[in-house]
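Reader: I've got a model open and I'd like to learn how to read it. Can you walk me through a few features?

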Amino acid sequence: MTAVTEPGAALVALTAAAVLLLAAAAVRKALRDAAGRRRLARAAQARPAVLRMVAGAAGAGGAPGDRRARRAVREAATGLLPKLRGDDRRCLVALLESQGAIERALRRTRRPGAVGRARAAELLGAAAIDRALPDLLRLLGDRDPGVRAAAARAAGRLADPHAAAPLLATLDARRPVPASVVSMALARLGVPAVGPLRAALASPSTAARVTAAELLGVLEAVPAVGELTRALVEDRSPEVRVRAAGALGRIGSPRAVAALTGCLSSASPERLRAAAADALAATGAASADAALADALRDGPHRVARAAATALAAGGDAARALLAGIADAAGPGAPEAREALAAAPAGAAR
């Protein structure tokens, strides 16, 4: 008989433990997937009945009586609410209120069970229940990341500007919410978020300033041009400056041309120079042509290419400048020729 050494026995034990852990994880995933399939099946089964109730059709049967039926209605309604508008949506929300589903969801946000808290948040957000905001903001600090993400998405659906600052605060929280989720939620707030986002450009949090600058551009927030220009010039974070340049380009305000032109300088980081050139292409300002030509001639390829593209989108003078650089066969000539070839005939600002 061959004796098993102590190191060998330890290795066997570790391997067995790893196999057990993997098996347990696989079982949990299988159970979770099966539960998800059952939930979807219940929702699909209840959907026609929910639609009949919304339409007030005869024989709809009113509110379901047992717990399982109510849960199926709630799950079907959560899926339907984002797809409904106007009276149909109001009718469905009223139906859920009459059944007590909204009050149960509010209470559910405080109970054990992360899955239940997340589903409650989803329902409250889908139904746009204004009075749920305090509970949803509380869930932004939930110990479960799935609940925090669900709460962020739901808070965004309420279109309440009071959600903006707490959402931005989660970016640096001990229990953070992913930046992509926060950005989507803030974008859903729309115009009401502009004020808090402008204020966030002065936040000590770099993540908050980056997100605010990006979203102000997405929202084409003209009133924020002043704050964005200040961020472009003064912010200590290169990423914030790049996002501010992009936002100013989306807004296209002539008020930012001088600051953007200044960022074309060779003293600026490469990414910022390229972003400034991209932004200037949208402003239509001929005053930037000379600086763009300088950036084309002395910049690295990324900057030169952006500057050439901006000049190609410019007026006759800009295109003549670009053609001259292309013909000179010096620095920037390849990018100039590429931009001229790609520009649509007759393109001008």
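Author: Sure. Keep in mind that this model is predicted. Let's start at the end of a helix, with backbone angles: α15 is followed by Gly284, and the phi of Gly284 is positive, near 70°.

Reader: Where does α15 sit in the sequence, and how many residues does it have?

Author: To read a helix's length, compare its end-to-end reach with the rise of 1.5 Å a residue. Here α15 covers residues 270-283, which makes 14 residues. From first C-alpha to last, α15 reaches 20 Å, close to the expected 20 Å.

Reader: Okay, and which residues of α15 are buried?

Author: Think of burial as under 20% relative accessible area. In α15 the list runs Leu272, Arg273, Ala274, Ala275, Ala276, Ala277, Ala279, Leu280 and Thr283. Yep, an arginine, Arg273, is among them.

Reader: What do those buried residues pack against?

Author: For packing, look for heavy atoms within 4.5 Å. The partners are α12 (225-234), α13 (238-251) and α14 (257-262), plus α16 (289-298) and α17 (301-312).

Reader: Zooming out, how many helices and strands are there in the chain?

Author: You'll find 19 helices and zero strands. As for overall spread, set the radius of gyration against the globule rule: the chain comes out at 28 Å, well over the 20 Å given for 349 residues, so it is more spread out than a compact globule. The C-alpha trace spans about 80 × 80 × 40 Å along its principal axes.

Reader: And the charges, how far apart are their mean positions?

Author: Average each sign separately: the 50 positive and 30 negative charges have mean positions 11 Å apart.

Key: Residues numbered from 1 in each chain as written. Predicted model: local features only at pLDDT ≥ 70, side-chain atom pairs only at ≥ 80, totals over all residues. Heavy atoms only, no water. Helix = DSSP H or I, 4+ residues; strand = E, 2+ residues; numbered from the N terminus. Rg over C-alpha atoms; globule rule 2.2 N^0.38 Å. Lys, Arg positive; Asp, Glu negative; His and termini not counted. Charge placed at Lys NZ, Arg CZ, Asp CG, Glu CD. Expected span 1.5 Å × (residues − 1). Buried < 20%, exposed > 50% of the residue type's maximum accessible area, 1.4 Å probe, protein only.
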